[in-house]
Amino acid sequence: MDKLYPVLLVLAALILLYILWCFVEPFFLDMDEAALKKSSNKDNNKNIKIKKLPMKSKDTKEAPDFCFFFFSDVHAEWCPVNARRLCDAIRKSHAAGHLDAVIFGGDIITSPSKAETGYKYINTVSACCKELGIPFYGISGNHDVRLTDAPGNAGFTALDNKTITITSESSGKSAVLAGIPDSGKHNRVWYQMPPIDSQDPVILIVHDPDAFIHLDPSSRPDFMLSGHLHGGQMKFPFKIEFTVLRKTDKLPNMGAVQGTYDINGTQVFISRGLGCGILPFRFLSVPEATLTKIHLK
Ligand SMILES: [Fe+2]
C-alpha cells in the first residue's frame with residue numbers, strides 16, 4: 001500500500017494539471033494564416049476525397065487576390081478571447097496588409113438566453129470594421145437559428161442564402177461570395193447553394209463543413225470557409241471526441257477536422273473557432289482567428 005500512495009499522488013497531480021490546462025487554454029489566441037489556391041482539378045464525383053494541405057502552400061508566394069479575416073464560433077457565454085482582443089488582431093492584420101473583409105462563420109452564442117452578450121461581442125467587432133472601413137459579413141451557425149434577426153442585432157451583413165460579387169483591389173479580379181445558412185441540429189435540413197449567375201470563382205461561407213457532402217456535386221464551390229467543429233475542442237486519444245462524442249459529424253470522421261484541405265478540388269479551411277460550446281474547456285485546440293488568403297489562379 002505504501003508503494004501505491006506515490007503513484008496515486010502523481011496521478012492526482014496529473015489530473016489536476018489536465019483540468020487546469022483545459023481551463024487556461026481558452027484564454028490563448030492563435031492568430032494564424034491560411035493560403036488557399038484555386039484548384040484546376042475539381043471533380044464532380046459523389047465520393048468524397050480529402051487531401052490535407054499545408055496552411056501555407058508553396059505555390060502561393062505571389063500576392064493573394066483577397067485577404068479575409070475569418071473567425072467563427074464565438075459562443076460568447078464562455079469566450080475568454082474578448083471582442084477587444086479580437087479587434088486588436090483585426091487592426092494589426094489590416095495595418096500589415098489590406099483586409100478585403102472580416103467574415104464571421106457563425107455561432108454567436110450557445111444559449112439564446114445569452115443573446116445580448118453575443119450581440120454585444122459581435123457589435124464591438126462590427127464597430128471596429130466600420131472604423132477601419134472594412135466590410136463585415138457573417139453566416140448563421142446551428143445555435144443562431146434560435147435567435148431573432150441575429151445579423152441585424154449583431155451588426156454584420158448576412159450571407160445566408162445570398163451571393164455578393166467582390167472585386168480584388170490588388171488584381172481587379174472578381175469572385176462570388178456565397179452563403180448557406182445552418183438549419184440547426186433539430187430537424188436538420190441541408191440547404192443547397194444559392195443561385196449563382198456568374199462564371200467567377202465561388203467562395204462559400206458555411207458554418208458546418210458537412211454541408212459540402214450534401215451539395216449537388218455540380219454546384220461545389222472553388223473555396224469554402226467554415227467552423228463548427230471547434231477542432232474537437234478537447235482532444236482525446238483515438239479521436240474519441242469525434243468517433244464517440246460527435247459520431248454524426250461526417251467530415252471530421254473522414255479526416256477533415258481543422259486547417260486546410262482539398263476536398264474534391266474545393267479548397268477548404270475549417271476554423272477551430274474562438275469560444276467554448278457547452279463545457280468551458282479546451283485541450284490541444286487553441287482558439288484561432290485566421291488571415292485567409294485567397295488566390296484565384
Ligand atoms: Fe460552435
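1. Which two strands form a hairpin with 2 residues between them, and which residue in the turn has a positive phi? In this predicted model, the hairpin is made by β11 and β12, and N264 is the turn residue, with a positive phi of about 50 degrees. The two strands run antiparallel and are joined by 5 bridges, with G259 standing opposite I270 of β12.

2. Strand β12, which covers residues 266–270, is mostly covered, since 5 of its 5 residues are buried. Its side chains are divided between two directions: T266, V268 and I270 point one way, while Q267 and F269 point the other way, and all are buried. Besides its pairing with β11, β12 runs parallel to β10, to which 4 bridges join it, and in that pairing Q267 is the bridge partner of F223.

3. The iron ion is coordinated by D73 and D107 through OD atoms and by H75 and H230 through NE2 atoms, at 2.0 to 2.3 Å. The spacing of these donor residues in sequence is D-x1-H-x31-D-x122-H. Distant parts of the chain are linked in this way, for D107 lies in the loop between β4 and α3, whereas H230, 123 residues apart from D107, lies in the loop between β10 and α6.

4. The arrangement around the iron ion is irregular, because its 4 donor atoms subtend angles of 87 to 178 degrees. D107 counts as buried because its relative accessibility is 1%, and H230 is also buried, with a relative accessible area of 6%.

5. Helix α3 has 18 residues, which at 1.5 Å a residue should span 26 Å, and its end C-alpha atoms are indeed 26 Å apart, so the two values agree. Its buried residues are A115, G118, Y119, Y121, I122, V125, S126, C128 and C129, and these pack against β3, α2, β4, β5 and α4. Just after the helix, G133 takes a positive phi of about 75 degrees.

6. A reader who notices the cysteines of α3 should know that the structure holds 0 disulfides. The sulfur of C87 has that of C128 as its closest cysteine sulfur, but the two are 3.8 Å apart, which is too far for a bond, given that a disulfide needs sulfur atoms within 2.5 Å. C129 is likewise in no disulfide, as its nearest cysteine sulfur, that of C128, is 5.3 Å away. Both C87, at 3% relative accessibility, and C129, at 1%, count as buried.

Technical notes: Residues numbered from 1 in each chain as written. Predicted model: local features only at pLDDT ≥ 70, side-chain atom pairs only at ≥ 80, totals over all residues. Heavy atoms only, no water. Donors = N, O, S within 2.8 Å, 3.2 Å for Na, K, Ca; no water. Tetrahedral: all angles 85-135°; square planar, octahedral: opposite > 155°, others 65-115°. Buried < 20%, exposed > 50% of the residue type's maximum accessible area, 1.4 Å probe, protein only. Expected span 1.5 Å × (residues − 1). Contact = heavy atoms within 4.5 Å. Pairing = 2+ DSSP bridges.
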